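Here are my notes for you, written as numbered points. Have the structure open while you read, and look up each residue as we get to it.

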Amino acid sequence: MSTSSVSKGCFVFKPSSKKRKTRSLGETCVNVENKKPSERRFKLCEDLWNKIKAETEVLQEELNKKILDSLLDFAKKCSTTRQHCDWASKMRANEIPTAALVLGVNVPDHDMTFQSLFDLLKHSVTPHVVSVQAKECGVLKHLLKRVLEGLMDVAVDDDDEEEMEQNPRSVHCSLSTLSDWYTAKTKKSSSATPGKKRNVQDEDEHHHHHQTPPVVIIFKDLEGFNPRVLQDFISICSRYIDRLPLMFIFGIATSPSTVQHMLPHSVSSLLCIELFQSLSCTQHLATVIDKLILTAQFPFKLNGKVMQVLISIFLYHDFSVRNFIKGLQLALLEHFHSQPLSILCCKKKEALLNVTLLSGRDLETVRQLPSFIRFVEKQEAGEQVKLMTDDDHLKEACQKLIKDLRKYHKSYYPVLRCLHTLTSLLPRYPLGKQIRELHLICLEKNVWENEDYQSAMNIVNQFKFVEFIDGLVTCHLPPPESQTLYEVCYYSSSATVRRHLNATPRTSIQTALSSPCFYLQSLKNEDGTVSNSAPDICIAYKLHLECGRLINLYDWLEAYATVVSAAEGQDPDCDTFGKVDDVKHARFIRSVSELEFLGFIKSTRQKTDHVARLTWGGC
């Protein structure tokens, strides 16, 4: 018997992955097109900076990890030795374990290191950690107060009975108060152990490790403390060491010998000091440059002059890696703000997409770039016409040039490292000890034309090896200016970076006083002179420029009153015009005091009613 069946079904056909990708790209194009060019540039700038910032944070954690782990081990070792051994047999009873942390002179970067140390100690060793700074601890009472407030989280009075009555939670400012609080704290923690049974060894370890944690005091800037205050504080603390497990961490910016210079032997002998040396600021900078700048990971680049400005400010001003990174951020913001074609300074795929979205004005900007003009001049006549007149053809050419620029960066940095590895092994470092020095040479001109490079190759003097290196260098290390459309990725305004980062306060002050309209546009007259309604200090400053070395205060006051009267709209023919009243007199005295504070004048003993002028000419 034959049978037959009829089945009905609903079948779903999924689109191919290629089609889905095409649709996704189209949606991306629509989203990008809907944004204004300035908005797109801002978004690209923000995304790029977030990536650089994240990479910087990871890098700094890695650089600080070794020294922080060493300090952590020291704190745990001191705590364990104190708890599980006879402390008196290990050291004298009045010795305080102290870590001397030499951080170097890059003081602006110390806050980040101390914050990481503070968090690590709190998380892994003890909840009783406090950090103090010299500016807050001018006298012993203030130092004790900061320590107690930081550890006990209560208000500390200054031996004022009325304040004690108003604030019941306030305590006396003494180390005995801290000792009593610590004893009560550890007893309370000991009595709160869970009911689970432990063997004797586990119970003893739990009790000692968790119930008697050390009290860590971090002195962030040891050199800034008053030596006498520090000596008295250490002497007092040594008397409580049997009841209070204290531990010090000294943040030192100069040299370990600072401790001996600040503390006499009678006080330094109360400390059991162990030295810790952090990574030097120059090594830190070298690592930052290697990871953030000498890489093809980030499309944004600095030209040689901007790099030199940032490195010079670091070496001759503050030794701050954090400020160097701020300079990098400033250059990034300025580049995306001032360069319309920075919209192409992004990942390869995104850059190629953005090329198709360039407006007619952007394409004209491309045609005016010096590197593109050189590129056009090398083409045949027909190709030149297409590049200068056909927008679609120009976009296709730009996409190819962007790909070539990415290839250049991918090959540049490996060859740069190869050349540095070779030359750094030679005597006297002919091309610089640091790779950044070699990078600066390559940014400025053809490195193979450099005399030091040629002498280095002569020293090597080797099997076709020199020819091989020469071939790599000439092919992959030409300066960025030789690449078409390099302006898209490279920021070159070194003057702007220097003006923002290496400020000249005197110039800014004199500009504000002599030409307040530079900052306050409402004060500018039609003839470009300073308005009579300018701030009082500006009027006094302009009048003092008309005087000689000594300025008669009364004549100065009368001239000031005349100018102010004109600014108030008084009739020049009236009797009160130019007269000095109490209000004008007070305003004048305030202006003179401000000028003296800024360093433009000073009092003189030659004539009691005169002041001496201190500045001449402009900056």
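**Notes on the model**

1. Let's start with a trio: E364, R367 and D391 are joined in a network of salt bridges. Keep in mind throughout that this is a predicted model. In general, side chains of opposite charge can pair when their charged atoms come close. Across the whole structure, a search turns up twelve salt bridges, and the next three points go through some of them.

2. Take R417 and D290. Their side chains meet in a salt bridge, at 2.3 Å from N to O. R417 sits in helix α19 (residues 391-423) and D290 in helix α12 (residues 281-292), so this pair ties together parts that are 127 residues apart in sequence. Are these two hidden or not? R417 is partly exposed, with a relative accessible area of 29%, and D290 is partly exposed too, at 22%.

3. Helix α19 also has a salt bridge within itself. D404 pairs with K400, and their closest N and O atoms are 3.2 Å apart. Both residues belong to helix α19 and are four residues apart, which is about one turn of the helix. For D404 the relative accessibility is 30%, so it counts as partly exposed. K400 has a relative accessible area of 52% and is exposed; the cut-off for that word is over 50%.

4. Now try R587 and D536. They form a salt bridge in which the closest N and O atoms are 2.9 Å apart. This pair links distant parts of the chain, with R587 in helix α27 (residues 582-598) and D536 in helix α25, 51 residues apart. Which of the labels buried, partly exposed and exposed fits D536? D536 is buried, with a relative accessible area of 12%, because buried means under 20%. R587, at 23% relative accessibility, counts as partly exposed.

5. On to the sheets. As a reminder, strands of a sheet pair through backbone hydrogen bonds, either parallel or antiparallel. One open sheet here has five strands in the order β2-β3-β4-β1-β5, and the pairing is parallel. Why do β2 and β5 each have one side without a neighbour in the sheet? Well, β2 (129-132) and β5 (271-277) stand at the edges and each has a single partner strand, so one side of each is left without a neighbour. From one strand to the next, the twist averages 20 degrees.

6. You can zoom in on one pairing in that sheet. Strand β1 (residues 96-102) and strand β4 (residues 246-252) run in the parallel sense and pair over five bridges. If you want a spot to find on screen, V102 stands opposite I252 in β4. Then look for helix α5 (residues 140-152), which lies across β2 and β3 (215-219) and runs at about 145 degrees to β2.

7. There is also an open sheet of three strands, in the order β8-β10-β9, with antiparallel pairing. Its edge strands are β8 (550-552) and β9 (601-603), each of which pairs on one side only. Here the twist averages 40 degrees from one strand to the next. β8 and strand β10 (residues 610-613) pair over three bridges, and N552 stands opposite H610 in β10. Helix α26 (residues 553-567) lies across β8, β9 and β10, at about 60 degrees to β8.

8. Two residues deserve a look at their backbone angles. D153 has a positive phi of about 55 degrees although it is not a glycine. D153 is in the loop between α5 and α6 (161-166), and at 60% relative accessibility it counts as exposed. F319 likewise has a positive phi of about 55 degrees without being a glycine. You'll find F319 in the loop between α13 (304-318) and α14 (321-338), and F319 is partly exposed, with a relative accessible area of 27%.

9. Last stop, the surface. Which residues make the nonpolar surface patch of about 340 Å²? They are F518, Y519 and L520. L520 lies in the loop between α24 (505-514) and α25 (536-544). With a relative accessible area of 44%, L520 is partly exposed.

Note on methods: Residues numbered from 1 in each chain as written. Predicted model: local features only at pLDDT ≥ 70, side-chain atom pairs only at ≥ 80, totals over all residues. Heavy atoms only, no water. Pairing = 2+ DSSP bridges. Helix = DSSP H or I, 4+ residues; strand = E, 2+ residues; numbered from the N terminus. Axes fitted to C-alpha atoms, helices over the stretch in contact; angles between N-to-C directions. Contact = heavy atoms within 4.5 Å. Patch = residues over 30% accessible without salt bridge, like charges linked within 9 Å, V, L, I, M, F, W, Y side chains within 5 Å. Areas by Shrake-Rupley, 256 points an atom, 1.4 Å probe, with all protein chains shown as cover. Salt bridge = Lys/Arg side-chain N within 4 Å of Asp/Glu carboxyl O. Buried < 20%, exposed > 50% of the residue type's maximum accessible area, 1.4 Å probe, protein only.
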